[in-house]
Amino acid sequence: TKPVTSVAAMMLWEQGAFELTDPVSKFLPSFADMRVYDGGTAAKPLTVPATEPVRMWHLFTHCSGLTYGFHHMHVVDEMYRQAGYEWDVPDDTDLAAAVDAWAQLPLLFQPGSEWNYGVSTDVLGRVVEVLSGRPLDAFLEENIFAPLGMTDTGFAVEPERQDRLAALYAMAPGLPDKVRYDAMGDAVRNEPRWLSGGGGLVSTVADYRRFTSMLLGGGEVDGVRLLGPRTVAYMAKNHLPGGQDLETFGRRIFSEVRFDGVGFGLGFAVVHDPVSFRTLTSPGEFNWGGAASTAFYIDPVEELEVIFMTQLLPSSTYPLRSQLRQLVGQAIIE
């Protein structure tokens, strides 16, 4: 979902709706006067003022200081959970209310100083709503899904198509093998309480390939253009300060692979050193995945797009993504 939301935002950027250096508070006033965690407990945190505002590029690159409650890695993660934000949101909370609630919690670090996987793209989705004047689901349908012919992609699945849903599985603590996790997997059977630009979409391999083909084509597929080729190339560059990689600039979170030689662009991870990454791919590959082990990557050198649609939580259960590259890479002989 995150790359889709990022593309939506960059479509607005191409129209001049914002600059990457704009403070997010220009569009979301609740993000003015942000504070940063500096010690203490979740009940009594010590905070200091942010030395600079959260900017738009911070949202694209996850350098905002926002986090996820399900990380269970930091006091601020705990504060998210206490406020009702772990995998879901409190009852009767829409995207606008969730974003305002996150803005009242302290940031994990000073904006732009580190990388941390969090709700940044959800906030970006709210900016899309404000700038376009359309709900996120409507904007995505009208500007991405319909033009690309992605008829099976959205935030929910109607009853007449629910027999096509794949089952979600999870590795449960204390059990030797995976189990069905219908409690979470069935969420897409109903209209969502909030439109999560960071992880709310359901799709198919065929549909998502329309999206990746557009990216591989520099913003165009079959005569339908969403972005300019220079924009897509710019998104797929490493935007981390000083060209650092995620292993040195990021905070360690659940991940099935290390991130040596991997930076982050505007919505994607970007491989700039495959040797350090210890994975068979090309410099310039850009990619991302989902919490349930889904993944895609695009290798512009080999003109290759790969989509992997399993459904297994967490994504760190097996080294699926690195082995996927091994299997695909060794098959290329010309």
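Which helix and strands do the buried residues of H12 pack against? They meet helix H11 (274–277), along with strand E9 (286–289), strand E10 (295–299) and strand E11 (304–308). We will come back to H12 shortly; first, a look at the chain as a whole. Please keep in mind that this is a predicted model.

## The whole chain

Twelve is the number to remember here, with 12 helices and 12 strands in the secondary structure of the chain. The radius of gyration is 19 Å, close to the 20 Å that the globule rule gives for 334 residues, so the chain is as compact as a globular protein of that length. Along its principal axes, the C-alpha trace spans about 60 × 45 × 40 Å. Of the 334 residues, 50% are buried. Among contacts with a separation of 6 or more, 64% are made by residues 24 or more positions apart. The accessible surface comes to about 14900 Å², and carbon and sulfur atoms account for 52% of that surface.

## Two helices to visit

Back to H12, which covers residues 320–330. Its buried residues are Arg-321, Ser-322, Leu-324, Arg-325 and Gly-329. Why do these residues lie on the same side of H12? They cover an arc of only 155 degrees around the axis, which puts them on one side of the helix. The face turned away from this buried side carries Leu-327 and Gln-330, both exposed.

Helix H8 (residues 205–216) has 12 residues. From its first C-alpha to its last it reaches 16 Å, close to the 16 Å expected at 1.5 Å a residue. Its buried residues are Asp-207, Tyr-208, Phe-211, Thr-212, Ser-213, Met-214 and Leu-215. Just after H8 comes Gly-218, with a positive phi of about 70 degrees.

## A small open sheet

Three strands line up in the order E4-E3-E12 to form an open sheet with mixed pairing. Strand E4 (178–180) and strand E12 (312–313) stand at the edges with a single partner strand each, so one side of each has no neighbour in the sheet. E3 (residues 169–171) and E4 run antiparallel and are joined by three bridges. Here Tyr-169 stands opposite Arg-180 in E4.

## Residues in the loops

Val-119 sits in the loop between helix H4 (95–103) and helix H5 (120–132). Is Val-119 buried or exposed? Its relative accessibility is 4%, so Val-119 counts as buried. Leaving aside residues up to four places away in sequence, Val-119 touches Leu-66, Thr-67, Tyr-68, Tyr-80 and Trp-102. Gly-69 is 50 residues from Val-119 in sequence, while their C-alpha atoms are 9.4 Å apart in space.

Some backbone angles also deserve a look. Most residues other than glycine have a negative phi, and most peptide bonds are trans. The table shows two residues with a positive phi.

| Residue | Phi | Loop | Relative accessibility |
|---|---|---|---|
| His-72 | near 55 degrees | between helix H2 (56–61) and helix H3 (75–82) | 47%, partly exposed |
| Asp-222 | near 50 degrees | between strand E5 (220–221) and strand E6 (224–225) | 62%, exposed |

The peptide bond joining Leu-313 and Pro-314 is cis, with omega of about -10 degrees. Pro-314 lies in the loop between E12 and H12.

Methods
Residues are numbered from 1 along each chain as its sequence is written. This is a predicted model: local features need pLDDT of at least 70, side-chain atom pairs count only at pLDDT 80 or more; totals for chains, interfaces and linings use all residues. Side-chain values use heavy atoms; hydrogens and water are left out. Helices (H or I, at least four residues) and strands (E, at least two) are DSSP runs, numbered from the N terminus. The expected span of a helix is 1.5 Å times one less than its number of residues. Buried means under 20% relative accessible area, exposed over 50%, partly exposed in between (1.4 Å probe, protein chains only). The arc is that of the directions from the helix axis to the C-beta atoms. Contact means heavy atoms within 4.5 Å. The radius of gyration is taken over C-alpha atoms; the globule rule is 2.2 Å times the number of residues to the power 0.38. Accessible areas come from the Shrake-Rupley method with a 1.4 Å probe; for residues, only the protein chains shown count as cover. Two strands pair if DSSP finds at least two bridges between them.
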